[in-house]
There are 2 protein chains.
Amino acid sequence: MLETWASSGVDLHLDRAGPRVRASLEGQLREAVRSGRLAPGLRLPSSRSLAADLGVARNTVVDAYGQLVAEGWLVARQGSVTRVAGRAPEAEATPAQTGAARRLRYDLRPGSPDVAAFPRSRWLAAARRALNSAPADAFGDAPDARGRPELHRALAGYLGRARGVRVSPDRIVVCSGFTQGLGLICQALRGRGATTLAIEAYGLPDLRGIAAGHGLRIRTLPVDQAGAVLDGPGAAGAPEPGPEPGAAGGLGAAGRLGGADAALLTPAHQFPLGGVLAPGRRTQALEWATRTGGLLIEDDYDGEFRYDRQPVGAMQALAPEHVIYAGTASKSLAPGLRLGWLVVPTHLVDEIAAAKALTDRYSSSFDQLTLAEFITSGAYDRQVRRARLAYRRRRDHLVAAIRQHVPQVRVTGVAAGLHALLELPAGVDEDEVIARAAARHDLALDGLRRYGPPPSTAAPGPNRPALVIGYATPPEHAFTGAVARLMAVLTDARRGQG
Amino acid sequence: MLETWASSGVDLHLDRAGPRVRASLEGQLREAVRSGRLAPGLRLPSSRSLAADLGVARNTVVDAYGQLVAEGWLVARQGSVTRVAGRAPEAEATPAQTGAARRLRYDLRPGSPDVAAFPRSRWLAAARRALNSAPADAFGDAPDARGRPELHRALAGYLGRARGVRVSPDRIVVCSGFTQGLGLICQALRGRGATTLAIEAYGLPDLRGIAAGHGLRIRTLPVDQAGAVLDGPGAAGAPEPGPEPGAAGGLGAAGRLGGADAALLTPAHQFPLGGVLAPGRRTQALEWATRTGGLLIEDDYDGEFRYDRQPVGAMQALAPEHVIYAGTASKSLAPGLRLGWLVVPTHLVDEIAAAKALTDRYSSSFDQLTLAEFITSGAYDRQVRRARLAYRRRRDHLVAAIRQHVPQVRVTGVAAGLHALLELPAGVDEDEVIARAAARHDLALDGLRRYGPPPSTAAPGPNRPALVIGYATPPEHAFTGAVARLMAVLTDARRGQG
């Protein structure tokens, strides 16, 4: 039982003359079908009669009907008879509102630099220079998935100078941060038949998910204050005595890497425990890689930031054909840029570039050109120096406050990067400290457990509760307030309230 | 037989005083180890004696040795004895220079807008306004993989107004172009157990690779001048008679989609054949999706550009819970931006966002904020209008030139988008035409076969040789010259020289 046009109650208003009449007519008809007021199958008036009713040219109605037929709202049968399409367009659902967590006033969680100090005007000036001088084809389809040559040259100079990386521009692949970089590496590894990636027991949880998502099995490496532990029982279960952690020159078989195809390490500054990979372990890792053809992935996420001495140079320089060096602008500038870079062994460049091409073709030329200009002009070095000074002061302030107020809390890890590990007295409940900081002190904190191995993994780690404090996260004006609140939280914990 | 320090011939020069002495010493030692002049195992002079030789403080040498031990170049054993590390750092290989094809002066290949007309100063002005007014946390780790809320709001307004998309900001996922967008969709589909994606027989070759790379089987849909052919024998081989192409209201079972989990279509302007999906086929597709729970992917890559009439509105509006609408800035602005967007059915938003988070967390906040401001300020609409006028003139010029000079060449497809299909007389060899255009006329062309189905696929397609002409590609000043050269190429072909 179809209703008729006359009984549908649809009342068209075309009160604007001129070229918009047709669009208005279409819009009203579309809405009438969408809302169900014009039911499926309903026969519309002929174009002649509707045009007469509305006082418009017949062609306006013909064109509007034609448009709606093309879009699927109406169907035209046997010449001039036009009906509402047979199936009712469905109602539009709305996604459930995601319940965003309440935003706390103070934030000492790790992972971000002080983005309030991002050099907006210097960045915009670099963007202006870069875009105005770029050849037009820089905005077109870049032929090279590895990225823009301007950025390759700028990064090659910077990485060689600042991090001792052995790099030529043609072995750099620009990617959207290390998250994507690891995904590209996993794709290339899988393409070569790799099955197993060794990962440090403590680290960013997402990295495990990325590797697993690409079909790789995870081997978990224990970590201590000297970085990843590489000797010890391998996959085959054969215990293999190795040199002591930190002992130099141990050329052991890196037993825990046995059977792995690749290993992801944070040699300059383990995240989140904060150690530097001991020289003997670097040697073990490199010896394993060169002997077995395994691949080392050196995640140098904050290598520019060392406060007590010169940063340890990149491990990649010792074996550039066995190490992928991975760097990022997420800590030195801002995570929102989504810019990272891989320095890739020659034999892997094509495969990583192919993975990039299939993932998103290449990274934004605009951001790449701007970063290239930012580096070449010297602004990047200046920004890193400024940030290094600011974060060093913040770390000193944090360490001094802890010594003074809660000496039973141990700050471990080297003086480097954007985070510190605070080991809490045994028996304190991490989660309760975090909950109390949020509820009573308006302060967001992260515990170590969040970065630990999945419960099913038996890899040993620190046995004490701990906080991973991102002292670079707050804006400058909020930093001392955040530390004061942290002291209040920790003092409470000491008093047995935690 | 190790040589000694004295016989190694390494001659250290430290001619700069001050803080750089140590860095210089380290650099020279590193290079000496790297080059092999200091052999593995070689014992270095004691720090005391080297310091005396060089006339520097002993601590400078101690620190330099310590640094190189930490980096793995040297090893320190039994207190003060320092040796070159046991394994020689490997030589650095250099990637083979990729033999880039000679760049031709004129380019009529499809895929790019006129990037020389990219509105650099308006874009930079939008970037300045956007970055200066953004909250600092816009540069930090965005909590939402879907993208920036500013861009969601701007796109929701634009897409509803310009393309009739039914959209709320919270169902938009910003991605790095459609290449990434399709990858995200494939990941979400695979996560739901999908196995098969139907793809138009003619299209971008990369899209098949992306779907296959995510483990999906490809079902090939024939295409003709009315878009994808959906009725006909399905996967089970059961022939199923359907309405004629272009016939309205055919509610057939869309037999060719039988057993597919999703179908990727270019309804507004088939790429590269240039047809508009016929109303009856739209209905078939939607009917199939709602009946079977299949997913339609509407690739609206150039929907803003129609020259003979109002663009056909998005198919998504008829069934927003069964269609993913995909748009991009690659044609309207520049591919180098790497910005696209998906409007996603409610039930898929979380899964697409999760795939995005694991792929690269989120897209550059800087570019997102700039595009949001560019749209909101009206600059995007103005740019689209300018480009539409320019490309329409170019298409008219191309069509007129062909009518005049090579009337035997047929221009097919609707007057829309950035490309036209030129069907060549039967017997002309596509590849030879392309080779001759490059060799004799300095003109880059693409043939239809490049976009066709793989040879193993039996899907029928156009039987004639054809060129896919991207008339938007050249800069304005080179356009008429490019067309003149194309006429020369085609005139040669007519004379039987092709």
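**Helices, sheet and copies**

Student: What makes the length of helix 5 (residues 149-163) of chain B agree with that of a helix?

Tutor: The expected span is 1.5 Å times one less than the number of residues. For the 15 residues of helix 5 of chain B that gives 21 Å, and the end C-alpha atoms are 20 Å apart, which agrees. Helices are DSSP runs of H or I with at least four residues, strands are E runs with at least two, and both are numbered from the N terminus.

Student: What are the ground rules for these values?

Tutor: This is a predicted model, in which local features need pLDDT of at least 70 and side-chain atom pairs count only at pLDDT 80 or more, while totals for chains, interfaces and linings use all residues. Residues are numbered from 1 along each chain as its sequence is written, chains are lettered from A and ligands numbered from 1 in the order in which they are written, and side-chain values use heavy atoms, with hydrogens and water left out.

Student: Why are residues of helix 5 of chain B called buried, and what covers them?

Tutor: Buried means under 20% relative accessible area (exposed is over 50%, partly exposed in between; 1.4 Å probe, protein chains only). In helix 5 of chain B this holds for residues including B:L151, B:H152, B:L155 and B:R163. Their cover includes strand 4, strand 11, strand 12, helix 10 (365-376) and helix 11 (379-405) of chain B. Just after helix 5 of chain B, B:G164 has a positive phi of about 70 degrees.

Student: Where around helix 9 of chain B do the buried residues lie?

Tutor: Among the buried residues of helix 9 of chain B are B:T346, B:V349, B:I352, B:K356 and B:D360. The buried residues cover an arc of only 160 degrees around the axis, and therefore lie on the same side of helix 9 of chain B. The arc is taken from the directions that run from the helix axis to the C-beta atoms.

Student: Why are strand 4 and strand 6 of chain B called edge strands?

Tutor: Two strands pair if DSSP finds at least two bridges between them. The open sheet of seven strands has the order 4-12-11-10-9-5-6 in chain B, with mixed pairing. Strand 4 (172-175) and strand 6 (217-221) of chain B each pair on one side only.

Student: How many bridges join strand 5 and strand 9 of chain B?

Tutor: Three bridges, in the parallel sense, link strand 5 (residues 196-200) and strand 9 (residues 262-265) of chain B. B:I199 has B:L264 as its bridge partner.

Student: What packs on this sheet?

Tutor: Helix 8 (residues 279-292) of chain B does, touching strand 9, strand 10 and strand 11 of chain B. Contact means heavy atoms within 4.5 Å. The direction of helix 8 makes about 140 degrees with that of strand 10 of chain B. Such angles run from 0 to 180 degrees between N-to-C directions, with axes fitted to C-alpha atoms, for helices over the stretch in contact.

Student: How do the side chains of strand 4 of chain A point?

Tutor: A:I172 and A:V174 point one way, A:V173 and A:C175 the other, and all are buried. In a regular strand the side chains alternate between the two faces of the sheet.

Student: What makes the relation between chain A and chain B a two-fold one?

Tutor: A rotation of 180 degrees with 0.0 Å of shift along its axis superposes chain A on chain B, with RMSD 0.2 Å. The two copies are thus related as by a two-fold rotation axis. Superposition is by least squares on the C-alpha atoms of residues with pLDDT of at least 70 in both.
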